Amino acid sequence: MRVSVVDAGSNTVRLVIADVEGGVPLPVHTVKWKLRLSEQVGPDGTIAEEAVERLVTAVAEAGDTALRWKAPGPLAFATAVVRGAPNRAEVLERVVAGTGIRMCTLPGETEAELTFLAARRWLGWKAGPLALLDIGGGSLEVAFGRGRLPDFAASLPLGANRLTREYLDLQDPPGADELRELRRRIRHELRDVAARIRWESPRTAAVSSRTFQQLARLCGAAPGRFGPFEPRALRRGDLRAAAHTLATLPAAERAQLPGISAPRAAQSLAGAVVGHTALKLMGLRRAVICPWAIREGILLRYIEDGADWWTRTTEAGLPAAPSSAAPSSAVPLRSVVGPSA
């Protein structure tokens, strides 16, 4: 069986096509379109008309690519940049009208649970009680669990791109006051979630996302050309030093550092500060880099629980009728225990 998934994130629209062999999604083809949606939103988060048109075009091209590779219509979703937009309903309606592909949004907690599932499958049961962190452009997902799915999942407004816009855009490189305010915000948002992770005492901490992968490379991890099975880890002390280095450089010079790509150079500092602060508050000195994340989590859930699961999720994550007071949200994978539990 061949399956495809497409997601619209803060920076790119990415298509992954995979074959299912023995319950494992094996990659066949990947494509990405650089849209940088987060740079085309208004002060209130509204996605601009031109950006919506480019999103529709990218999703249509993803659908055509999937068909050429003999994959069914993609499982399509959008992350925080669309989920939090006031014109979210219009954006999703424009996508389905222009492409025939039903794109949904997922609650942040559901994104955390799916990413946790991917990390569990990649690391295996030997990882034991597992903590998972994933930094996106708009949010930070955190999860903890001892089984296949997490016992606890949370999504916090601590995405690298979001924090860069809110705290670090005044000067390049930012001043000491901006960094101080950024750290204060991160500590405030993380307080309860970090306390829960410390209390759980995970045996293994895993981090995923392109942001963490680039920061790990900056801190000395093996480059991507060594392949996904090369062990990679990120140490808290190294990340602290990396954050200090990034803070002294303008974005253009950060892009010259190992692992830091030009499109993510501006937000790399915020990502490093979030990552270091989270590991410190959670009492984690080291985290392994997991190459699988939410896309693989969706593929795994689709494989393991069937197409009906995605149908229900898509229907629940589509915009509510105009008369509804609020948009509906996706069906959660399981009940989520809050930080105060």
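The exercises below, each with a worked solution, concern the packing of a predicted model.

**Exercise 1. The nonpolar cores**

Determine how many residues the largest nonpolar core has, which residues have the most contacts inside it, and which helix gives the largest share.

Solution. Begin with the core as a whole, which has 48 residues, and then rank its members by their contacts inside it, which brings out Leu 140, Leu 163, Ile 186, Leu 190 and Met 282. Next, assign the members to elements: the largest share, eight residues, comes from helix 10, which spans residues 265-281. A second core, separate from this one, has 28 residues, including Val 13, Ala 51, Val 82 and Met 103. Finally, turn to the surroundings of Leu 140, where, once residues up to four places away in sequence are set aside, the residues touched are Asp 134, Ile 135, Ala 154, Ser 155, Leu 156, Leu 158, Gly 159, Leu 190 and Val 274.

**Exercise 2. Two tryptophan rings**

Classify the ring pair formed by Trp 309 and Trp 310, and decide whether each of the two residues is buried or exposed.

Solution. A pair of aromatic rings is described by the distance of the centres and the angle of the planes. For Trp 309 and Trp 310 the centres lie 5.6 Å apart and the planes stand at 50 degrees, so the pair is tilted. As for accessibility, a residue counts as buried when its relative accessible area is under 20%; Trp 309 has 4% and is therefore buried, and Trp 310, with 7%, is buried as well. The count of aromatic pairs comes to three, and one aromatic cluster is formed by Trp 122, Phe 229 and Trp 292.

**Exercise 3. Helix 8 against helix 10**

Describe how helix 8 and helix 10 are oriented to each other, and which residues meet between them.

Solution. First take the geometry: helix 8, residues 236-247, packs with helix 10 at an angle of about 150 degrees, and their axes are 9 Å apart. Angles over 145 degrees count as roughly antiparallel, and the two helices are therefore roughly antiparallel to each other. The crossing in which helix 8 passes helix 10 is left-handed. The residues that meet are, on the side of helix 8, Arg 236, Leu 239, Arg 240, Ala 243, Leu 246 and Ala 247, and, on the side of helix 10, Ser 268, Leu 269, Ala 272, Val 273, Gly 275, His 276, Leu 279 and Lys 280.

**Exercise 4. A serine in a loop**

Locate Ser 209 and decide whether Ser 209 is buried or exposed.

Solution. Ser 209 lies in the loop between strand 9 (204-208) and helix 7 (210-218). Its relative accessible area is 12%, so Ser 209 is buried. Apart from neighbours within four places in sequence, Ser 209 is in contact with Asp 134 and Ile 135.

Terms used: Residues are numbered from 1 along each chain as its sequence is written. This is a predicted model: local features need pLDDT of at least 70, side-chain atom pairs count only at pLDDT 80 or more; totals for chains, interfaces and linings use all residues. Side-chain values use heavy atoms; hydrogens and water are left out. A nonpolar core is a set of buried Ala, Val, Leu, Ile, Met, Phe, Trp, Tyr and Cys residues joined through side-chain atoms within 4.5 Å. Buried means under 20% relative accessible area, exposed over 50%, partly exposed in between (1.4 Å probe, protein chains only). Helices (H or I, at least four residues) and strands (E, at least two) are DSSP runs, numbered from the N terminus. Contact means heavy atoms within 4.5 Å. Rings of Phe, Tyr and Trp (its six-membered ring) pair if their centres lie within 6.5 Å; planes under 30 degrees apart count as stacked, over 60 as edge-to-face and the rest as tilted. Axes are lines fitted to C-alpha atoms, for helices over the stretch in contact, and angles run from 0 to 180 degrees between N-to-C directions. Angles under 35 degrees count as roughly parallel, over 145 as roughly antiparallel, 65 to 115 as roughly perpendicular and the rest as oblique. A crossing is left-handed if the near helix is turned anticlockwise from the far one by less than a right angle, and right-handed if clockwise.
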